Structure formats: C-alpha cells, structure tokens
Amino acid sequence: MSESLHTVAAMPTERRPGCPFDPPAELVEARGHGPIVRLTHPGGMPGWLITGYDLVRSVLADPRFSSRKDLLNVVDFEIPPAPPGEFLLMDDPEHSRYRKPLVGKFTVRRMRLLTERIEQVTAECLDAMAAAGSSADLVTAFAKPIPTIVICEILGVPYEDRASFQQQIDAFMGGEVGDEELIAAYTATQEYLARLVAAKRAHPTDDVLSELTDSDLTDEELKGISLILLAAGFDTTANMLALGTYALLRHPEQLAALREDPSLIDGAVEELLRYLSVAKTFMRTALEDVEVGGQLVEAGTTVVLSYNTANRDPERFTDPDVLDVRRPFDGHLAFSHGIHQCLGQQLARIEMRVAFRALLDRFPSLRLDVPAEEVPLRPETADIYGVKSLPVAWDEK
Amino acid sequence: MGLSVDRERCIGAGMCAMTAPAVFDQDPDDGLVVLLDAEPAAADRAAARMAAGVCPSGAIVLRDAPGSGGA
Ligand code: SF4
C-alpha cells in the first residue's frame with residue numbers, strides 16, 4: 001500500500017514561470033495524490049509532506065508534534081536547540097513562558113489604538129514617494145518602511161538604527177546571501193540587540209522591550225524575543241504589502257472592485273493572505289508514532305506543512321486559485337494555527353488594511369513600470385516569499 | 001446556543017475578538033479571551049460560531065442549547 005505512495009524527492013525550489021502567485025507545481029501535483037505524501041529531506045531522511053488544509057490544521061493543533069528546532073530530522077548533522085527567547089522553535093511549557101508576557105501587548109484592542117500612528121507613517125511614506133517623481137520601487141518606498149517603522153516603535157528601536165538594522169535582517173531572511181554573509185548579519189543583529197536590551201534595562205523608555213525588562217526574563221532571553229518580534233514583524237508584512245500590490249496590479253478587475261468599494265479592504269486583506277501565503281511552509285517533528293490521514297508518521301520523523309497548497313485546497317475553498325477580494329472570510333492558515341499562531345497577526349492586519357487603502361487612494365493611476373514578467377521574485381528558498389523590488393509608476397497630478 | 005471559554009488553552013491570538021467583537025474581548029493585561037456574552041443574540045451567533053471555528057487553540061466551546069433550533 002504505502003509502496004505506491006507518491007513521493008516528492010525534495011522540496012521544490014522554483015515556481016512555475018509566469019505564475020508567481022501559485023504554489024510550486026510539484027506541490028500542487030503532490031496534493032493531487034492526497035493530502036499527505038512522502039518526502040525526502042535534504043539529508044536523505046524519509047519524511048512526509050502535508051498539502052491539504054484539514055491535515056495541516058490538525059497537525060498544527062496536535063501536541064504530539066513538536067516545533068523544537070533540535071528535534072528536526074532533516075539534515076545529517078545535529079541542529080542545536082533554539083537560543084533562549086526564540087520561542088517559535090520551542091514547545092510548551094518553554095514556548096508559553098515566553099509568549100505569555102507578550103500576549104497582552106498585541107491584543108486586537110491595543111493594535112486598533114495604533115491605527116492612527118500607522119496611518120501617519122503610511123502617509124509619510126506616500127508623501128515621500130509622490131515628492132520623488134512619478135515612479136518608485138514600491139518595496140523600498142512603501143512595503144518595507146511601514147512595518148519596519150511600526151515594529152521598531154513598538155519595541156523601542158531608536159530611529160537612527162533602523163536602516164542598518166533592516167539591512168541586516170534582510171540579509172539573513174532574504175535567502176539570497178552566502179553562508180558567511182548570513183552568519184555575519186545574524187551575529188551583528190545579535191550584538192545590536194544585546195546592546196539594545198542593556199540600554200533599555202538601564203534607561204527604560206515607553207515601549208514593549210522596556211516593559212519586558214520588568215519581567216523575570218533574562219537579557220539573553222529578551223534578545224531572542226526581540227529578534228523574533230522584529231524579524232516576524234517586518235519581513236512578512238513587508239512581503240505581503242509588496243507581493244499583494246503586485247497581485248492586485250495583475251488582477252485589474254479585483255483592484256477596480258477594491259477601489260470602488262473601500263469597505264472591501266478587510267476581506268481583501270484576508271484573501272490576499274490566503275492567496276499569497278508568503279510564509280509558505282513550517283515543519284513539525286512527531287514525538288511519538290502518529291497516524292495522519294491514514295499514514296503512520298513514526299516518532300522522530302519530520303513533516304513539512306505546506307501552507308500555500310493548504311490555503312489553495314479545493315476541498316476547503318471554492319475556486320481556490322482565484323483571487324477574489326469579495327470572498328467571505330472563513331479561516332486560512334496564513335498565520336498558522338495552534339499554539340504558535342502568529343502573535344502579531346492583528347498588527348499585521350491593521351498595517352495591511354491601512355497601507356493598501358492609502359496607497360490605492362493616493363495613486364489612482366498606479367501601474368507596473370516594467371513588463372509584469374520582469375518583476376524580480378524572491379527565490380523559493382527564502383523563508384518568506386515575495387518580490388525583490390516592485391517598480392511602479394503613476395501619473396503626476 | 002451557549003458558549004464557554006477555556007482561558008488555560010487560550011493563546012491570545014485575538015481571532016475571537018476580531019471575528020465576534022460583540023461576544024469576545026481580550027483581557028487588557030494578559031491578552032487572554034474574555035467572554036462578554038455566553039448566550040449571544042441571534043444576530044451575533046454566526047460570528048460567534050465562526051470565532052469558535054477559527055480559534056487556533058480550541059479555547060472556545062460552543063453548545064447548541066436544547067430547543068434553540070441552532071444547527
Ligand atoms: S481566538 Fe482562541 S486563542 Fe485567540 S484569543 Fe480568542 S480564545 Fe484565545
């Protein structure tokens with residue numbers, strides 16, 4: 001039985017040419033063979049690939065599957081445990097020890113209070129864009145600065161440090177630099193955060209990091225937490241803003257609908273999250289033998305969960321490959337599921353709602369400034385999918 | 001329809017307060033779910049049901065009260 005199971009030799013490294021928003025063809029094909037198929041990990045270890053919505057969701061909610069980095073069974077060398085504070089790669093109770101003190105700082109209510117500030121930041125970016133002429137790279141002018149400024153303000157990263165800091169995080173998250181450069185960027189970020197944490201402890205200011213120095217968390221732990229919040233806080237949102245704009249520009253009827261009825265924005269953001277699924281995959285390792293979708297996942301085996309195929313699962317969504325800003329929201333996995341579901345999702349939502357709306361309002365004639373096929377995409381090997389740059393133009397008024 | 005919440009399970013993702021703000025809120029201190037209305041009015045039931053469906057931690061328990069006719 002299991003002999004005849006479809007096997008994916010390795011995770012695909014490319015998308016179909018000309019179809020930058022669709023999941024890689026190999027993953028879609030795999031889903032055609034059932035929601036769970038075999039996968040060979042880079043180190044040659046046998047694993048599983050889960051592509052179907054229901055199964056991805058159930059594994060994410062299943063405590064028999066671990067998020068621990070050091071348990072990953074995918075390469076032929078030992079992976080060290082996650083550094084203190086990097087709770088994304090830990091299980092409970094460690095995970096919730098770190099997450100708990102943060103939760104109250106990212107509630108729906110608190111994030112709504114930030115709306116005005118996000119509107120200001122957005123307006124400033126758009127002003128600068130307009131002042132600079134009739135064309136721009138939307139990534140550097142809009143998509144990156146908005147979430148970067150906002151998360152830096154929330155955490156309390158001084159304004160003058162932002163640019164260099166963003167560059168470093170780009171280097172180790174963009175999937176494009178060699179190992180040496182990556183390690184250098186990561187180390188520099190660590191050192192920077194260590195200084196920042198020490199500074200907040202000595203002179204607390206009005207921000208989340210300063211508030212956290214009041215808890216029982218050590219400096220080392222605070223450093224890890226800040227890294228996670230900063231990295232997650234801007235890379236994902238930045239890519240959603242840029243890739244989302246690109247997607248809208250390539251679906252003019254959707255863009256028109258959104259311009260005509262701005263009240264569609266909340267739903268449109270959810271739909272873009274589903275359709276684009278920029279955080280594409282996560283991994284979990286079985287702590288014991290678990291039956292998943294009729295297959296036995298043995299203890300110690302790592303499964304890869306494909307969010308972009310799950311969010312396009314025809315058994316869950318009608319016409320899943322169609323971008324439809326009017327689609328009623330009823331759940332997607334873009335922010336994951338289970339105990340690790342994105343802590344900053346309400347912030348991300350508000351940033352996207354504000355930023356997309358302001359962009360469309362401000363530049364009614366916004367268009368791509370290069371042929372659509374020439375927009376440079378992030379490689380599939382990057383953790384977060386997106387565009388490297390998005391040249392756009394508009395008519396000056 | 002009757003609702004209850006399990007604050008032990010809640011991870012404070014706020015999906016409930018976002019989807020059914022008339023029924024759920026989050027505690028301003030710990031960010032965990034606060035049930036505003038255990039017996040939501042008809043108008044809020046669909047949203048409450050959705051909130052239970054999208055809650056990532058299974059912290060919202062939904063019971064169809066006998067005779068309420070809710071399916
Ligand atoms: S959606 Fe669930 S986990 Fe999130 S705050 Fe509400 S009850 Fe808690």
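**Entry: A:Tyr307 and its ring partner**

I started with A:Tyr307, which comes out buried at 0% relative accessibility. This is a predicted model, so I read every number here as computed. I then looked for a ring beside A:Tyr307 and got A:Phe282, with 5.4 Å between the centres and 40° between the planes, a tilted aromatic pair. The two sit 25 residues apart in chain A: A:Phe282 belongs to strand 6 (residues 281-286) and A:Tyr307 to helix 14 (residues 307-310). Is A:Phe282 buried or partly exposed? It has 32% relative accessibility, so I put it down as partly exposed.

**Entry: other aromatics**

I ran the ring search over all chains and it returned 5 aromatic pairs. I picked out A:Phe363 with A:Trp394, also listed as tilted, at 4.5 Å centre to centre and 45° between the planes. I checked where they sit: A:Phe363 is in the loop between helix 15 and strand 10 (367-368) of chain A, while A:Trp394 is in the segment after strand 11 (391-393), 31 residues away. Both partners turned up as buried when I looked them up: A:Phe363 has a relative accessible area of 4%, and A:Trp394 is at 5%. I also noted one aromatic cluster, made of A:Phe21, A:Tyr246 and A:Tyr275.

**Entry: salt bridges inside chain A**

Next I went through the charges. How many salt bridges does a search of the whole structure find? I got 23 over all chains, and I followed up a few within chain A.

I opened A:Asp235 with A:Arg378, whose closest N and O atoms are 3.0 Å apart. A:Asp235 is in helix 11 and A:Arg378 in the loop between strand 10 and strand 11, so I logged it as a link between distant parts of chain A, 143 residues apart. I then checked burial: A:Asp235 is buried at 2% relative accessibility, and A:Arg378 is buried too, with a relative accessible area of 9%.

I did the same for A:Arg327 and A:Glu271, which meet in a salt bridge at 3.1 Å, N to O. A:Arg327 lies in the loop between helix 14 and helix 15, A:Glu271 lies in helix 13 (residues 265-276), and 56 residues separate them. I found both A:Arg327 and A:Glu271 buried.

Then I looked at A:Arg367 and A:Asp395, again a salt bridge at 3.1 Å, N to O. A:Arg367 is in strand 10 and A:Asp395 is in the segment after strand 11, so the pair ties together parts of chain A that are 28 residues apart in sequence. Here I wrote down partly exposed twice: A:Arg367 has 37% relative accessibility, and A:Asp395 has a relative accessible area of 45%. I closed the charge list with a network in which salt bridges with shared partners join A:Arg15, A:Lys280 and A:Glu380.

**Entry: A:Glu221**

I wanted the surroundings of one acidic residue, and I chose A:Glu221 in helix 11 (residues 219-249) of chain A. I have it as buried, at 9% relative accessibility. What does the side chain of A:Glu221 reach at 2.9 Å? I traced that to the backbone nitrogen of A:Thr218. Leaving aside neighbours within four places in sequence, I listed the contacts of A:Glu221 as A:Pro84, A:Gly85, A:Arg97, A:Tyr98 and A:Asp216.

**Entry: where chain A touches chain B**

Last, I turned to the two chains together. I counted 20 residues from chain A and 21 residues from chain B in the contact. The buried area between them is about 1,600 Å², and carbon and sulfur atoms give 55% of it.

Which residues form the salt bridge between the chains? I found A:Arg109 with B:Asp25, their closest N and O atoms 2.4 Å apart. The count of salt bridges between chain A and chain B is 1, and I also got 7 residue pairs in polar contact.

On the chain A side, I saw that helix 3 (94-103), helix 4 (108-113) and helix 15 (345-362) each supply at least two of the touching residues. Helix 15 gives the largest share, 4 residues. I sorted that side by class as well and got 4 nonpolar, 8 polar and 8 charged residues.

Definitions and conventions
Residues numbered from 1 in each chain as written. Chains lettered and ligands numbered in written order. Predicted model: local features only at pLDDT ≥ 70, side-chain atom pairs only at ≥ 80, totals over all residues. Heavy atoms only, no water. Contact = heavy atoms within 4.5 Å. Buried area = accessible area lost by both parts, 1.4 Å probe. Salt bridge = Lys/Arg side-chain N within 4 Å of Asp/Glu carboxyl O. Polar contact = N/O pair within 3.5 Å; in protein donor to acceptor, adjacent residues only side chain to side chain. Nonpolar A, V, L, I, M, F, W, Y, C, P; charged D, E, K, R; others polar. Phe/Tyr/Trp six-rings, centres within 6.5 Å; stacked < 30°, edge-to-face > 60°. Buried < 20%, exposed > 50% of the residue type's maximum accessible area, 1.4 Å probe, protein only.
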